[in-house]
Structure formats: C-alpha cells, structure tokens
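The following exchange examines how the descriptive terms applied to a protein model are justified. Each answer sets a value against its criterion.

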Amino acid sequence: MQNIQINQLCFAQWSDKYYYPAVVSAVLHDHVKVVFLDGHCGIAPVEHVVGLEEAFKTMEMQGKWQNGWLFYKGALASPQTMVMHYDDGDIEQVELRQLRGVRMHCIDLRQQKSDRYN
C-alpha cells in the first residue's frame, strides 16, 4: 500500500492470513500499526496492508451473514452500497466490520503438472 496515512481505513492481514478492516494508527518505516474494527491492535508489514479501494477490486470478500460468527464467500455489488451477494444466493446489506478479504494469488499453470497425459 502506498501513501499510507494515519487514520486511513484499510484491510490488514491478521495472523490467520485473512485481511480484516482496520484503521492505520502509526507508520513505522516498513511496518504499519493498525487498530482492527473489532478493537484488536496489530503491526503488519507494509505489503500486508491494502487500501479499501484496492481490496475491493483485488480480494475475494467474505461476509458474516446476519452479523453472526461465520464468514461466507460472496461479492460486494459495489463498495458504495455495501450489499453482499453470497455465493449461495442470499443478499444482505453489510457493514465494513462484517467483512474480511482473501488475497487472490495468480497461479502459473505452466508450472503445474497436469494429469491430462498420464
């Protein structure tokens, strides 16, 4: 994330490898101190902090259905409306604190072994 600002909303990686919404509280050279919207604090390397706009464009989003405990895969119709379309067909209005992101990794299929010719 470039141009990190104090009090900026972002998604930051937690120890479980998911990205949760947070607010930047300090910038420490190559690390960022954040306060997650659930109240927890953490320090993440700069490369594990993603701005909201970038997160909504590049991450797979998961939401807490009816603000429960479990996250379900889905897609935001648009970040402005915060309407989550879950993969099972359910739709609901969500708040930022109900979301978490998963970084999508590009896979080079040329490097993967195929069973096509086996």
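Q: What does partly exposed mean, as opposed to buried or exposed?
A: Buried means under 20% relative accessible area and exposed means over 50%, with partly exposed in between. The model to which these terms are applied here is predicted.

Q: Why is Trp 65 called partly exposed?
A: The relative accessible area of Trp 65 is 28%. Because this value lies between the limits of 20% and 50%, Trp 65 is partly exposed.

Q: What makes Trp 65 and Tyr 86 an edge-to-face aromatic pair?
A: The ring centres of Trp 65 and Tyr 86 are 5.6 Å apart, with 85 degrees between the planes. A pair requires centres within 6.5 Å, and planes over 60 degrees apart count as edge-to-face, so both conditions are met.

Q: Which parts of the chain does the pair of Trp 65 and Tyr 86 tie together?
A: Trp 65 lies in the loop between β6 (59–64) and β7 (71–76), while Tyr 86 belongs to strand β8 (residues 83–86). The pair therefore ties together parts that are 21 residues apart in sequence.

Q: Is Tyr 86 buried or exposed?
A: Tyr 86 has a relative accessible area of 5%. Since buried means under 20%, Tyr 86 is buried.

Q: How many aromatic pairs does the structure hold?
A: There are four aromatic pairs. One of them joins Phe 11 and Phe 56, at 5.9 Å centre to centre and with 75 degrees between the planes. As the angle is over 60 degrees, this pair is edge-to-face.

Q: Why does Phe 11 count as buried?
A: The relative accessibility of Phe 11 is 0%. Because the criterion for buried is under 20%, Phe 11 qualifies.

Q: What places the pair of Phe 11 and Phe 56 between distant parts of the chain?
A: Phe 11 is in strand β1 (residues 9–13) and Phe 56 in helix α1 (residues 52–58), 45 residues apart.

Q: What makes Tyr 72 partly exposed?
A: Tyr 72, which is in strand β7, has 39% relative accessibility. This value falls between 20% and 50%, so Tyr 72 counts as partly exposed. Together with Trp 69 and Leu 70, Tyr 72 makes a nonpolar surface patch of about 440 Å².

Q: Where does Arg 100 lie with respect to Tyr 18?
A: Arg 100 lies over the face of Tyr 18, at 3.5 Å from the ring centre. The distance limit for a charge over a ring is 6 Å, so this value satisfies it.

Note on methods
Residues numbered from 1 in each chain as written. Predicted model: local features only at pLDDT ≥ 70, side-chain atom pairs only at ≥ 80, totals over all residues. Heavy atoms only, no water. Phe/Tyr/Trp six-rings, centres within 6.5 Å; stacked < 30°, edge-to-face > 60°. Helix = DSSP H or I, 4+ residues; strand = E, 2+ residues; numbered from the N terminus. Buried < 20%, exposed > 50% of the residue type's maximum accessible area, 1.4 Å probe, protein only. Lys NZ or Arg CZ within 6 Å of the ring centre and 35° of its normal. Patch = residues over 30% accessible without salt bridge, like charges linked within 9 Å, V, L, I, M, F, W, Y side chains within 5 Å. Areas by Shrake-Rupley, 256 points an atom, 1.4 Å probe, with all protein chains shown as cover. Salt bridge = Lys/Arg side-chain N within 4 Å of Asp/Glu carboxyl O.
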